[in-house]
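Here is a short report on one protein model. Look through the structure first, then read on.

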Amino acid sequence: MESPYDVLGIDADADEDEVVRAYRRRVKDAHPDHGGSLAEFKRVRRAYEHITAGRDPSTFDAHLENGHADTAQSGGAGAADRERESGASGTQPGASGAEEEEDDEDEELGPTVEYLDYEVVESQGWELTDEDLFEKAEAADLGIDSHGLLVVEPQETLLEAAERYGFSWPYACRGGACANCAVAVVEGELEMPVSTVLTDEMKEQGIRLSCIGEPVTDDLKVVFNIERLPGLAELRLPAEQFDNARADD
């Protein structure tokens, strides 16, 4: 019987950091755009959620066959509620594993975001305007914290998605009132319901706030960690003011 640890390719005694690193790596490999499949991608995510929820590893396959839904523990209650509402977390009771895989193939992934850390851009001497920026990032074989893929779920902001994957992207207010969480959208579109901070010129340059931004295109390329760029630095707030802020506040 395959355990969730087998799915992630790690030992059963792996610590939390090893689990997170393995999950980030496997999510990228399992993505349909990288030669994987939707069924494999979802199985990797379920394995991670099963482990982080502290469930018995021996119940992993039985859990899938019975159609009981895992919740996205790292995304908090809000993510779990959205998953239940959208019906994306499992199949109907009694569905077999084969039927579930067929259902998976009929579904589509949410918006896929390829991300890149601006610190890498600076250290490599690259520019945000480089047309081959993400090609160069792929060739550089960067760590998953600096470059990779994540999938945003319905009604989820980009920042919430990054945190669900275990990343610690910059933020402060979570309400679009500062530039701490700013990202540069290189390709695709990230829609913000309001923007009282960014100037029209900034928005024309593709600057968006990840704490309130939701993807409206299937694929995006974004550079995060740009809050110290000229113009944005003046709009930052001390993050410690918001230490107790939560994604579902």
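This is a predicted model. A search of the whole structure turns up 6 aromatic pairs. One of them joins Trp169 and Phe224, and this pair is stacked. The ring centres lie 4.3 Å apart, with 5° between the planes.

Where do Trp169 and Phe224 sit along the chain? Trp169 belongs to the loop between α9 (158-164) and β3. Phe224 is in strand β7 (residues 219-224). The two are 55 residues apart, so the pair links distant parts of the chain.

Are these two residues buried or exposed? Trp169 counts as buried because its relative accessibility is 5%, and buried means under 20%. Phe224 is buried too, with a relative accessible area of 5%.

Trp169 and Phe224 also belong to a wider group. Together with Tyr115 and Phe167, they form one aromatic cluster.

Another ring has a charge for company. The charged end of Arg174 sits over the ring of Tyr171, 4.1 Å from the ring's centre.

**The sheet**

Strand β7, which holds Phe224, is part of an open sheet of 5 strands. The strand order is β2-β1-β7-β3-β5, and the pairing is mixed. Strands of a sheet pair through backbone hydrogen bonds, either parallel or antiparallel.

Which strands form the edges? They are β2 (147-151) and β5 (207-209), and each pairs on one side only. From one strand to the next, the twist averages 35°.

Now take one pairing in detail. Strand β3 (residues 182-187) is joined to β5 by 3 bridges, and the two run antiparallel. Within this part of the sheet, Ala184 stands opposite Ile207 in β5.

**A buried arginine**

Arg26 lies in helix α2 (residues 16-30). Is Arg26 buried or exposed? Arg26 is buried because its relative accessible area is 18%, and the cut-off for buried is under 20%.

Which residues does Arg26 touch, leaving out those up to four places away in sequence? They are Val7, Leu8, Glu40 and Val44. Take Leu8 as an example. Arg26 and Leu8 are 18 residues apart in sequence, yet 6.4 Å apart in space, C-alpha to C-alpha.

**Buried residues side by side**

The table gathers the three residues discussed above with their relative accessible areas.

| Residue | Relative accessible area |
|---|---|
| Arg26 | 18% |
| Trp169 | 5% |
| Phe224 | 5% |

Technical notes
Residues are numbered from 1 along each chain as its sequence is written. This is a predicted model: local features need pLDDT of at least 70, side-chain atom pairs count only at pLDDT 80 or more; totals for chains, interfaces and linings use all residues. Side-chain values use heavy atoms; hydrogens and water are left out. Two strands pair if DSSP finds at least two bridges between them. Helices (H or I, at least four residues) and strands (E, at least two) are DSSP runs, numbered from the N terminus. Axes are lines fitted to C-alpha atoms, for helices over the stretch in contact, and angles run from 0 to 180 degrees between N-to-C directions. Buried means under 20% relative accessible area, exposed over 50%, partly exposed in between (1.4 Å probe, protein chains only). Contact means heavy atoms within 4.5 Å. Rings of Phe, Tyr and Trp (its six-membered ring) pair if their centres lie within 6.5 Å; planes under 30 degrees apart count as stacked, over 60 as edge-to-face and the rest as tilted. A charge sits over a ring if NZ of Lys or CZ of Arg is within 6 Å of the ring centre and within 35 degrees of the ring normal.
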